[in-house]
Amino acid sequence: MAEKFNRATFTKSFLRHITRIKAPDEMLEEAKAQGLEKTLGVIDLIILGVGAIIGSGIFAVVGIAAAGSADGSSLGAGPALMISMIIAAIACIFSALCYSEFATMIPVAGGAYTYTFATLGEFAAWMVGWVLMLEYAIGFIAVACAWSNHFVQFLAGFDKVLPAWLAHPPVWLTNDVFSAAKLVADDPGIYVPRILGVPICINLPAILIVLLITAILVKGTKDSAKMAGLMVFIKLAVIGLFIVAGAFYVTPDNWTPFAPNGVEGIFAGAFLIFFAYIGFDALATAAEECKNPQKDLPIGIIGSLLITTIVYVLVALVLTGMQDTSGAVPLGFLKAPMAYCMTMTGKSWAVYASYFISIGSLAGLTSVLLVLEMAATRILFAMSRDHFISARFQKIDPKYKTPLLLTWTVGILAIVGILTLNLDVAAELCNYGTFTSFIIVCVAVLILRHTDPDRPRPFKVPFSPVTPVLGIICCGGLMVYKSMQAGSSALLFPVWLGVGAIIYLLYGFIKNRNNENKIHRELIQSYETKQEVSE
């Protein structure tokens, strides 16, 4: 019989409660009883993985990784960028293998949050779930605003065709308050309406794309995968166009010197490119919706990383062959390297090719949005099932078989974030969320290998414990490197953790203890009923 708790309290067996582990078998039973519809196959997973990874990073970050930042704060790798990409992929693969072991062993919604609950206990699980909201929910908001910026730039390219109000929309309709303030500081003539002295800014394109993505996700994961598939096809076609067309304009002399800034430049490039690989972990959050997770999830996670690496290396090869990156480069190369290189060929068709590259960038960001919002809702769905948030969010829509209320809640909160957050700081915080979740999953693999060595593992991390330890070292090293850079995000991340701990103590802990009280009362009533019947 369940233990009785007279009241929800912090003092009675506090440590035992916060380290309470949820058995994997219990998780599997819950998922079986009230799980999400299984619609995803291996192709869907690879599409979602590639869709999550290849975003604006390959269309923008590669220029800075190759040539260094304009202010000199970051060195460029030069043609050795392809080595930087391989190093970044290897750093990711350690964590990817650990995710694959857990995803096949406990194929339920939640990803790193679920794996933490199975190994480190209730409090650690809540904190990881809280941190994952940085990576997915706030990351979703930041990417939506990046999509808006790309969309506005794309419209500007048609200023001779479109009406002026559409080709160059007002700043206050396409930016958040913080971004608009920077633009006004550079150009005081920019108009921003005010109410009672408060500037009014509505990033309309970002809000509209969030509503569209949310509506697609409500209709089901399979439909979302189809949408992601279309976006992946477009962006890979655009990248393929750049690689094939650009190969004819490669100058081999641009590949020497191969590493103009030596090892330091290679690792600086690897650090920047690492963030262009992030996204594969989102596949683990959709494990509950896989038809055959034991077989398909490792292929989806590792396959998407391998495909992405090949694409990235080919882009780096052509890009550094078309533009000399051993010295100073034009600002246009740093902002949009592929589009710039195509334009500089001097061919009339290159202008149209640059438009296609812009479309590919928008498609890349759209697929990232789909996967990020899906991941955020699946984590919150798992947290609702564990009584950390309202049980109302567990309700599955009878028609679409998706958590309708939860999905729309995430979408609406994202719109609130678009209107209120300082997205520069939020985007930096997302990186810490990613590093933390990667490290926790690597640690969790080592723990469960020790505490439950006989549990069936359809996929096992090779060379354990070496592989998980290398994952911890790589991600931990990058996290330390990031925290040493100037910026407020290194200070804000501990604040985020502190807020999460307070919410757990004042809400999550009490809610779970009250739920245990409820279970106890139901068992008592059931026992008494059986006694009355037997008498």
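## An aromatic pair in α6

Tyr 113 and Phe 117 share helix α6 (residues 112–119), where they sit four residues apart, about one turn of the helix. Both residues are buried. The model described here is predicted.

Aromatic pairs in the model number 22. In the pair formed by Tyr 113 and Phe 117, the ring centres are 6.2 Å apart and the planes meet at 65°, so the pair is edge-to-face. The cut-off for that class is an angle over 60 degrees. Tyr 113 and Phe 117 also belong to one aromatic cluster. Its other members are Phe 123, Trp 126, Trp 130, Phe 388, Trp 496, Tyr 504 and Phe 509.

## Overall architecture

The chain contains 21 helices and two strands. Its radius of gyration is 25 Å, and the globule rule gives 24 Å for 535 residues, so the chain is as compact as a globular protein of that length. The C-alpha trace spans about 95 × 60 × 45 Å along its principal axes.

Of the 535 residues, 53% are buried. Take the contacts between residues at least 6 apart in sequence: 82% of them join residues at least 24 apart.

## Surface and charge

The exposed area of the chain is about 23,100 Å². Carbon and sulfur atoms supply 68% of that area.

Charged side chains are matched in number, with 35 positive and 35 negative. The centres of the two sets lie 5 Å apart.

## Two buried sites

Thr 39 sits in the loop between α2 (24–34) and α3 (42–53). Its relative accessibility is 14%, so Thr 39 counts as buried, the cut-off being under 20%. Leaving out residues up to four places away in sequence, Thr 39 touches Asp 44, Thr 221, Lys 222, Glu 289 and Lys 291.

Ala 270 belongs to helix α12 (residues 262–274). With a relative accessible area of 7%, Ala 270 is buried too. Ser 84, Ile 87 and Ala 88 touch Ala 270, again not counting residues up to four places away in sequence. Phe 493 is 223 residues from Ala 270 in sequence. In space, the two are 23 Å apart, C-alpha to C-alpha.

## Cis peptide bonds

The bond from Thr 256 to Pro 257 is cis, with omega near -5°. Pro 257 is placed in the loop between α11 (221–247) and α12.

Ser 464 and Pro 465 are also joined by a cis peptide bond, with omega about 10°. Here the proline, Pro 465, lies in the loop between α19 (423–451) and α20 (466–484).

## Positive phi between α17 and α18

His 387 is not a glycine, yet its phi is positive, about 70°. The residue is in the loop between α17 (348–385) and α18 (404–420). At 24% relative accessibility, His 387 counts as partly exposed.

Lys 401 is found in the loop between α17 and α18 as well. Phi of Lys 401 is near 60°, again a positive value in a residue other than glycine. Lys 401 has a relative accessible area of 39%, so it is partly exposed.

How values were computed
Residues are numbered from 1 along each chain as its sequence is written. This is a predicted model: local features need pLDDT of at least 70, side-chain atom pairs count only at pLDDT 80 or more; totals for chains, interfaces and linings use all residues. Side-chain values use heavy atoms; hydrogens and water are left out. The radius of gyration is taken over C-alpha atoms; the globule rule is 2.2 Å times the number of residues to the power 0.38. Buried means under 20% relative accessible area, exposed over 50%, partly exposed in between (1.4 Å probe, protein chains only). Contact means heavy atoms within 4.5 Å. Accessible areas come from the Shrake-Rupley method with a 1.4 Å probe; for residues, only the protein chains shown count as cover. Lys and Arg count as positive and Asp and Glu as negative; His and the chain ends are not counted. The place of a charge is taken as NZ of Lys, CZ of Arg, CG of Asp or CD of Glu. Rings of Phe, Tyr and Trp (its six-membered ring) pair if their centres lie within 6.5 Å; planes under 30 degrees apart count as stacked, over 60 as edge-to-face and the rest as tilted.
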